[in-house]
Amino acid sequence: TLEKSPTTQRIKAEAEERAAGRGPAHQDNRLRLFGAREEDVRVTFYRDHAGWCPYCQKLWIMLEEKQIPYRVEKINMRSYGDKPKE
């Protein structure tokens, strides 16, 4: 079955790594730890859902290159609709 295929297993394993803040950079990451503990993360990176914002892309590259632990919150940009009130 499809559930037991090597590709499906690899995709599931990569998703588990992303959820734990490990693995390579990916648009779906919600947490990046770089070996730090989750409770020590001090940066929240607010970025657009689509990954089109050039300012977000520059900051994302900087966080990755410097290996600064961060959380990711995806928000709507003004051109995509209203921003959340929080």
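This passage describes helix α2 and the strands and core residues around it in a predicted model. Local features rest on residues with pLDDT of at least 70 and side-chain atom pairs on pLDDT 80 or more, whereas totals for chains, interfaces and linings use all residues. Residues are numbered from 1 along each chain as its sequence is written, and side-chain values use heavy atoms, with hydrogens and water left out.

Helices (DSSP runs of H or I, at least four residues) and strands (runs of E, at least two) are numbered from the N terminus. Helix α2 comprises the 13 residues 54-66, and its end C-alpha atoms lie 18 Å apart, which agrees with the 18 Å expected at 1.5 Å a residue, the expected span being 1.5 Å times one less than the number of residues. Its buried residues (under 20% relative accessible area, 1.4 Å probe, protein chains only) are Cys56, Leu63 and Glu64. These cover an arc of only 95° around the axis, and therefore lie on the same side of α2, the arc being taken from the directions from the helix axis to the C-beta atoms. The face turned away from this side carries Tyr55, Lys58, Ile61, Glu65 and Lys66, which are exposed (over 50%, with partly exposed in between).

Strands β2 (43-48) and β3 (70-75) are among the elements that cover the buried residues of α2. These two strands pair in the parallel sense over six bridges, where pairing requires that DSSP finds at least two bridges, and arginine 47 has lysine 74 of β3 as its bridge partner.

Notes. Contact means heavy atoms within 4.5 Å.
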